[in-house]
Amino acid sequence: MPHGGKRGASPEALALLDEAACGLLQTSDDGTFLRVNRTFCQWVGRAADELVGRQRFQDLLTAGGRIFHQTHWSPLLHMQGTVSEVKLEIVHSDGTRVPMVVNAILRGSEGQIVHEIAAYVARDRDKYERELLLARKEASRLHTEAKDRALFAEQMIGIVSHDLRNPVTAIVLATELLGLDELSPAQDVAATGILRAAKRANRLIGDLLDFTQARVGEGLSCVPEACDLHEVASEALEELRLSYPGRALPHVHTGDGRCSADARRLVQLVGNLVSNAMNHGHPDTPVTVTTNGTRGDALTLAVHNDGAAIPPTLLPRLFEPMTRGTKASNVRSVGLGLFIVREIARAHGGEMAVRSDASAGTTFTLTLPR
Amino acid sequence: MSLEKRHNVHVSGGGPATMFFAHGFGCDQSMWRSLAPRYAERYRVVLFDHVGSGRSDLSAYDPAKYDSLQGYADDMLELAHAFAEGPSIFVGHSVSAMIGLLANVKEPEAYAAQIMISPSPCYLDDGDYVGGFSRDDIDSLLETLESNYLGWSSTMAPAIMGAPEQPELGVELTNSFCRTDPDIALQFARVTFLSDVRAEVPKLRATTLIVQCNDDFIAPVKVGEFLHRELPRSTLRIIDNIGHCPHMSAPSATATAIDEFLVEEGLDAPRG
């Protein structure tokens, strides 16, 4: 190096350092340049004798870089003895900024400390990193927007369902009162139709409210109490048989049915699974509900129907909201039934499984920890 | 969660008073390694990391709380209540000097004395007041931080060579530096360099030592003189040092200033 090369080093070695493919410099502990090679001088547009003894390394940095130098670089160098891969912008004599990646080693002891620094220009890396940063900011902005939109939509569903519940309940009550007086056969048919439709609307509203509670809130509410799974299923099926006249809905039960669960939620779960099985199963075949309490740690509740298998592509998303079979649009208006089934299972610490093929039919199984 | 874990507290030594050492922006408690051990021979010494720095519990970082220096000051009071034995002395570097001031203004009996190393109540220039920085400078700092945390966040750890003489130290510091979450670092930088606590300065009742370096780009001597004028009971000591961290680059001179101050204030302790 032209300024204070090492004693004994050959002229070839010094020339090599001077023309090295990276900037090489040496400073005192306060940053004052002691030696600097030609490569660095060329990169920053300054002569060696402008720098050596006159300028400090940090004087060539941007204001932000100088703060970083004081708050990160210096302490790190003092504590670790080395710093590497720090990216700083060096201000060229023409005022432009040259992004560089800088490594440094601290040598010597108190009073005689020297910093040895190697730097290389990193314009492309700088551009690439800036693009990455911009892309990351853009991604995070879009993510926040999408989350806000989804939350708004879900809250909207909750509010609308809640507001719909009162008028629908009024329709149910009024229609039931109608039935107390004598009606003509045509009026009776109409009143029965209104009542059935209104009750179905009420159940759908209930599903929507459960859906928003599960998605926006902290999961479905669930109050487990000691109960018997066989009895809960049996009572639920008795009620359901009225809704599906002409369809067989047998109940098979084995073992000990005692468990801790929210009976109201289990009835809802059985209702959704049976309704699903009735809609998708073959109309001439029974839907069978099996409750099994032979295992010590957990009970199971299975709902089986014969009929076409669920397409394999649909299986992974089956319990997600709004997932429906291809031509089921005449059957239900919104696909929340199975989502709520899974949420009820989760709220009990249990899980849902499904098996489906053309020969054995489709079975949904709840596993419920005892 | 315990306060010890939240702030990675290390208590050592014993003596007639408790010294709390608070690190500044960009670092952690290891900054005090040249100074704290001297005082642990004569005082009870409490070292800690601010929440969001070093090995503090990052899950305790609440962006709303730490959006002003007062959030940090409230932590200082919690630490004082939990760890002080006898009168307390708060030693704060850089922004922590002002954090200590805010804590002491809120609770005058919390500390008997404040020792401020390279303090500044306001980094931005404002009319006649010379803080040393413009808003553009701070934006350029945030940019520098962002481009460096690209690497700091994950790949920096293996890239830093360990200190050959103290390999275990190298590893430890690398980890604590790298553990700083970039979002937290950016917010701390913003809160630090855009803070203005000048209005609070005259309210401090505790006796104060201001240690300023004669060549400090971040906290110029003028800022030290401003503080000395505004603080009712203060001593200003200018140390011959280039840079912002005299406790690291000039530990002996810094310790001498502190020792003389402690003697003058009747807070001295016998040497072991």
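**Helix 8 of chain A, the A–B contact and two positive phi angles**

In helix 8 of chain A, the buried residues are Arg265(A), Leu266(A), Gln268(A), Leu269(A), Val270(A), Asn272(A), Leu273(A), Val274(A), Asn276(A) and Ala277(A). Buried here means 20 or more other C-beta atoms within 10 Å of the residue's own, exposed means 12 or fewer, and partly exposed is in between, with C-beta atoms placed from the backbone. This is a predicted model, where local features need pLDDT of at least 70 and side-chain atom pairs count only at pLDDT 80 or more, while totals for chains, interfaces and linings use all residues. Residues are numbered from 1 along each chain as its sequence is written, and chains are lettered from A and ligands numbered from 1 in the order in which they are written.

Helix 8 covers residues 263-280 of chain A, 18 residues in total, and spans 26 Å from its first C-alpha to its last, close to the 26 Å expected at 1.5 Å a residue (1.5 Å times one less than the number of residues). Its buried residues pack against two other helices of chain A, helix 7 (229-243) and helix 9 (337-347), and against strand 8 (258-261), strand 9 (287-293), strand 10 (298-305) and strand 12 (361-369). Helices (H or I, at least four residues) and strands (E, at least two) are DSSP runs, numbered from the N terminus.

As for chain A as a whole, its secondary structure adds up to 9 helices and 12 strands. Of its 370 residues, 29% count as buried. Among contacts in chain A between residues at least 6 apart in sequence, 59% join residues at least 24 apart; a contact means C-beta atoms, placed from the backbone, within 7 Å.

Where chains A and B touch, 26 residues come from chain A and 35 residues from chain B. On the chain A side, helix 4 (63-80), strand 3 (82-91) and helix 5 (123-178) each give two or more residues. Helix 4 of chain A provides the largest share, 15 residues.

Chain B also holds a couple of backbone oddities. Asn8(B) has a phi near 50°, positive in a residue other than glycine, and is found in the loop between helix 1 (3-7) and strand 1 (10-13) of chain B. Asn8(B) counts as partly exposed because it has 19 C-beta neighbours inside 10 Å. Ser94(B), not a glycine either, has a positive phi of about 55° and lies in the loop between strand 4 (88-93) and helix 4 (95-106) of chain B. With 28 C-beta neighbours inside 10 Å, Ser94(B) counts as buried.
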